[in-house]
Amino acid sequence: MWEYTDKVKELFLNPKNVGEVAQPDAVGEVGSIICGDALRLTLKVDKESNRILDAKFQTFGCASAIASSSALTELVKGKTLEEASKITNQEIAEYLGGLPDEKMHCSVMGMEALEDAIRNYQGVKKIQKPEENIICKCFEVSEDKIRKVAIENHLTTVDEVAHYTKAGGGCGLCIPEIEKILKEVRSFQDVKERPVEKKKRTNLQKMALIQDVLEREIRPRLRADGGDLDLIDIEGSKVTVGLRGLCVDCPMGNMTIKGIEDRLKEVTGEEITVVTE
Amino acid sequence: MKTIYLDNNATTQVAPEVLKEMLPYFRDLYGNPSSMHTFGGQVHRKIEEAREQVADLIGAEPDEIIFTGCGTESDNTALMSAAETNPGRKHIITSRVEHSAILNFVKYLEGKGYRTTYLPVDPEGRLDKAAFLKSLDDHTAIVSLMYANNETGVLFPIPEIGDIAKDRGILFHSDAVQALGKIPINVKNLPVDMLSFSGHKLHAPKGIGALYVRKGTRFYPYLIGGHQERGRRAGTENVASIVAFGKACELAKEDLSRGITRVARLRDKLEKALIERCPDAVVNGDKENRLPNTTSISFEYVEGEAILLRLNEFGICASSGSACTSGSLQPSHVLRAMGIPYTAIHGSVRFSLSTYNTESEIDQVIEVMPSIIHDLRSLSPFGRDKFERYLCAAGTGKAD
């Protein structure tokens, strides 16, 4: 039997915000009945302020999936879309007083439903991402999703990846590929955790580092949401990028750019500015 | 809150008579049955009495019964013995719906160079006999097929399979852990070489099992050491539990015919009422050919763990084949092997009754279950009306 917190039990037995909001402004859907859990999130959004006035959910899944969904709706209500977009799966888990490791994918599902709803609000049509590389065929988990969740949750083992994304939890054939991805993520995290070297990098080294961060960390996260970017140029401390896919015309584009800038500053220890082409 | 225990294929309560019988062997009669003194010797006699009780339930000779630590040990021992006594044969036949005590041991043997045939089952959980006939060859060391399935209760045609294996001179083992005490088993007219049993499935405590080995069957021990169990299972005997197992078998024999009818009637009542009162619910498995105490029901559009935890609020204990309860991310290998759609597997609930269940307990389950299902369905984004867009294989391969 799973060790659920009282909060999980409470929100499972008496879930809040069940159902659909009338004439929703945003609908987010993730999962499928085949995978064993699915969540449909509907939001009422104030057009002026972009504030979420109401949120409701419908969930097919276990107790922690239902509780995570209910927690998500509680967390987003009253927030602006911009504030809501920063909610992570860890916050959902924390709201519940924690989830068993094996159930963390329920919190990830909540986060994904929210992302999907925000995209939906922005009028971005759900498109099949053609070059999506499906690693886990049992649960249809893409390489980008594994990377994103692994980076954000500091995952280091195949078991953890299965707990958070389900990838590798089925037939197990994709485990070597997941190990490869984890190795890459880890090698990148090692770079990150190394103290910023006092010695100045050569220009070439700095460019390689920036490229590395964009390739291994930023792009997988954007691609997981249907977007992407290209590195156009690096001149001194000015990095020029071109937004691609769903990132083009994304109202949150500026935030994305700002986020990339902060990350590059952190990694290089220099005053980087990021601009779009 | 009173517990309504409908998970007897997982484990059972120790019968009060059984508990009474075993207690003195912890406290007063703690001697070692191998000792030369009377104090130990009397314990030895009691073990032999228990052996007779177990043998008596299945029509065996007492010296055909080896006490083991559990059902898993019995299964492992049978396979290991087959491997050791047939060194030239490297092929094993089993099924896709066996217990993990068989499946994972077979995987272990595969690592040692064995080849396995996993026989398929049909959508009702029945063995594919044609596939069985085709799979037999001159390299087959053992055929191991379960007597009754733990999840659906479906029975395999053990006598028929045994006849064929016997004709071909191939060792035949059956994991009868779920069958013992629930249906009559008589090895006198059952062509089987080895049978595995477990005490805690029939009101003896956990930690005691038995392996029936037909006289004349070549045998190689799994635990090697002292001369206990005539050298076939070393280790000081778990005296109290052996005594308990013997008593439980005696009770099972007394209760068998009357008990089956009563339990089957309650099970049928439960099943019928739930199917009637909960729309989109189906029974998994061959209803004509299964254990009298088991029913596996799939409630579509809802997830099993959620059902179990809602039942738990009423003190009702059951189990599910859903992924969330399996300890892995995959739902029940048994229901998948039957080709039950995932939509139905995730919402499967198994009720397994015992002789201790009462009519009023069953009535309580019948009363609360429809509203639990209705409630969870109202939370679900899926349903009969909203189903189309999810492109699921609803309505195919249903086993009822």
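## Chain A: a helix across the sheet

Let's start with helix α5 of chain A, residues 104-121, which lies across β1, β2 and β3 of chain A and runs at about 140° to β1(A). Keep in mind as you look around that this is a predicted model. A second helix of chain A, α2 (residues 63-76), lies across β2 and β3 of chain A, and its direction is at about 175° to β3(A).

The strands under these helices belong to an open sheet of three, in the order β1-β2-β3 (chain A), with antiparallel pairing. The edges are taken by β1 (26-32) and β3 (51-60) of chain A; each has a single partner strand, so one side of each is left without a neighbour in the sheet. From one strand to the next, the twist averages 10°. If you would like to trace one pairing by eye, try β1(A) with β2 (residues 37-46) of chain A: they pair in the antiparallel sense over seven bridges. Within that pairing, A:G28 stands opposite A:L41 in β2(A).

## Chain B: a sheet of seven strands

Chain B has an open sheet of seven strands, and here the pairing is mixed, with the order β2-β8-β7-β6-β5-β3-β4. At the edges stand β2 (65-68) and β4 (115-119) of chain B, each with a single partner strand, so one side of each is left without a neighbour in the sheet. On average, neighbouring strands of this sheet are turned by 20° against each other, direction ignored.

A handy pair to look at is β6 (residues 171-175) and β7 (residues 194-198) of chain B, which pair in the parallel sense over three bridges. There, B:H173 has B:M194 in β7(B) as its bridge partner. Helix α4 (residues 71-85) of chain B packs on the sheet, where it touches β2, β5 (140-144), β6, β7 and β8 (209-213) of chain B, and its direction makes about 160° with that of β7(B). Helix α5 (residues 100-111) of chain B also packs on the sheet, touching β3 (91-95), β4, β5 and β6 of chain B, with its direction at about 150° to that of β4(B).

## Where the two chains meet

How many residues of each chain are in contact across the interface? Chain A brings 33 residues, which are in contact with 26 residues of chain B. The area buried between the two chains is about 2300 Å², and carbon and sulfur atoms give 69% of that area. Three residues deserve a look: A:F12, A:I33 and A:F60 supply 26% of the area that chain A buries against chain B, more than any other three residues.

Polar groups take part too: eight residue pairs are in polar contact across the interface, both residues at pLDDT 80 or more. On the side of chain A that touches chain B, α1 (6-13), β1, β2, β3 and α2 of chain A each supply at least two residues. The most comes from β3(A), with four residues.

## A buried helix and a salt bridge

Finally, turn to helix α9 (residues 304-312) of chain B. Eight of its nine residues are buried, so the helix is largely enclosed by the rest of the structure. Those buried residues are B:G304, B:E305, B:A306, B:I307, B:L308, B:L309, B:R310 and B:L311. At the start of α9(B), a side-chain oxygen of B:E303 comes to within 2.9 Å of the backbone nitrogen of B:E305.

B:E305 also links this helix to chain A: its side chain and that of A:K103 meet in a salt bridge, at 2.7 Å from N to O. The count between chain A and chain B is one salt bridge.

How values were computed: Residues numbered from 1 in each chain as written. Chains lettered and ligands numbered in written order. Predicted model: local features only at pLDDT ≥ 70, side-chain atom pairs only at ≥ 80, totals over all residues. Heavy atoms only, no water. Pairing = 2+ DSSP bridges. Axes fitted to C-alpha atoms, helices over the stretch in contact; angles between N-to-C directions. Contact = heavy atoms within 4.5 Å. Buried < 20%, exposed > 50% of the residue type's maximum accessible area, 1.4 Å probe, protein only. Polar contact = N/O pair within 3.5 Å; in protein donor to acceptor, adjacent residues only side chain to side chain. Buried area = accessible area lost by both parts, 1.4 Å probe. Salt bridge = Lys/Arg side-chain N within 4 Å of Asp/Glu carboxyl O.
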